[in-house]
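Work through the exercises below with the model open. Try each task before reading its solution.

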Amino acid sequence: MGSNPSMAKRKTAGSDAEAGHSASACRVVPGAAADGAGGSPAARRPVSRRRLTLDDYIDGVVSGDVAVLSRAITLVESNRQDHESQAQELLARLLSRCGRSVRVGITGVPGAGKSTLIESLGLLLCERGHRVAVLAVDPTSSVTGGSILGDKTRMEKLVRNPSAYIRPTPSGGSLGGVARKTRETMLLCEAAGYDVILVETVGVGQSETVVRSMVDFFLLVQIAGAGDELQGMKKGVVELADLVAVNKADGDNLTRARIAAAELNRALSLLQPATQGWSTVCITCSAFDRESLAELWNVIGHFVEETRASGGFERRRRRQSVDWMRAMIAEELQNRFFRDEAVRGLLPGIEREVADQRLPVTIAVRKLLECHDA
Ligand SMILES: Nc1nc2c(ncn2[C@@H]2O[C@H](COP(=O)(O)OP(=O)(O)O)[C@@H](O)[C@H]2O)c(=O)[nH]1
Ligand SMILES: [Mg+2]
């Protein structure tokens, strides 16, 4: 990747005033009337901090009250035991209202233009009468202090649109933990009536795979330039994508973007598609070219139509829920195992024996599992 995008990013996100504005907008984001972070003073309304009952949460979320929705998401994100049980009860009560949306994951290297694209596309969709929720999965944000700050300053227009809701990445915890929180947040947004969910993820580590496993459609945003076309290829991310978009196809870059797209299309024709019965292709787009965004949304519309008709849409959703359950079981069992008193007693000695090659790994595992079961 060239140095331009990241430099530009720093420039935009770096000013203190902007950072401060973003931080204050982090809790309750969208809809000028909702929080006062960006809205007119007249539209401000104090958000009651009193404890909400389960029914308050349900009524608030279902009626699309963004202040309550934000608090419900905070509840879902909380690691406190009492919050967790309330959050789960809330989800159980709302479940029948969830799922009526198109879930789109968007990945690409930092600087590819994902956030800018999401803002422009989001605005277009709001204009067309959609309600758009933007979520993020950024496992690096808790380390770097939150790259989402840059994103939020960049989505300034969308933040103010009453039909949009933007929620930064949940902080802390394992990727599995972040994924659970994002999935549950997605469900809450659906219950609140958002019919398009856009999930941005940085192209880092396993985050793409995790986001792929929670969305209907996966978009890979690329940029033309030396070797960039291969970047996704190498990591196998292209194989997860339902659409590849060579972004920033504008100005001087237009020709290069078109050439890159043609190259990618040749490569894609040799790959197994991410979704059975659907051919992944590459198009060009630009956040500054509404036509290209309308075109991009058209592709997604066709995808939804076709996969709904073939049953693939529903099948993927069902499989995703079951896979999610199994992944949570695996994580929970692992946690229980390593918290177990007996295991903790035996583990250091057994690990030493394994490291010293005095004990075969398979026997070590059996011993530990047996002491856990006992
Ligand atoms: N020329 C051009 N620049 C863009 C476009 N989209 C984004 N950018 C610029 O690319 C940089 C990175 O964009 P950003 O949306 O933060 O990328 P992200 O890291 O993938 O979310 C910013 O300076 C944007 O202004 C586009 O369509 N055309
Ligand atoms: Mg971004």
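Three exercises follow, on a buried site, on backbone angles and on cysteines.

This is a predicted model, in which local features need pLDDT of at least 70, side-chain atom pairs count only at pLDDT 80 or more, and totals for chains, interfaces and linings use all residues. Residues are numbered from 1 along each chain as its sequence is written, chains are lettered from A and ligands numbered from 1 in the order in which they are written, and side-chain values use heavy atoms, without hydrogens and water.

**Exercise 1.** Place Ser207 and list its contacts.

Solution.
- Locate Ser207: helix 12 (residues 207-212) holds it. Helices are DSSP runs of H or I, at least four residues, and strands are runs of E, at least two, numbered from the N terminus.
- Check accessibility. Ser207 is buried because its relative accessibility is 0%. Buried means under 20% relative accessible area, exposed over 50%, partly exposed in between (1.4 Å probe, protein chains only).
- List contacts (heavy atoms within 4.5 Å). Leaving out residues up to four places away in sequence, Ser207 touches Val137, Pro139, Leu175, Thr201 and Val202.

**Exercise 2.** Describe the phi angle and setting of Lys248 and Gln357.

Solution.
- Lys248 is not a glycine, yet its phi is positive, about 60°. Its loop runs between strand 6 (243-247) and helix 14 (254-268). At 26%, Lys248 is partly exposed.
- Gln357, also not a glycine, has a positive phi of about 60°. It sits between helix 17 (341-355) and helix 18 (361-373), in a loop. At 73%, Gln357 is exposed.

**Exercise 3.** How many disulfides does the whole structure contain?

Solution.
- Apply the cut-off: a pair of cysteine sulfur atoms within 2.5 Å. The search finds zero.
- Check Cys98: the nearest cysteine sulfur, in Cys189, is 9.8 Å away. Cys98 is buried at 14%.
- Check Cys285: its sulfur is 9.0 Å from the closest cysteine sulfur, in Cys282, so the two are too far apart for a bond. Cys285 is buried at 1%.
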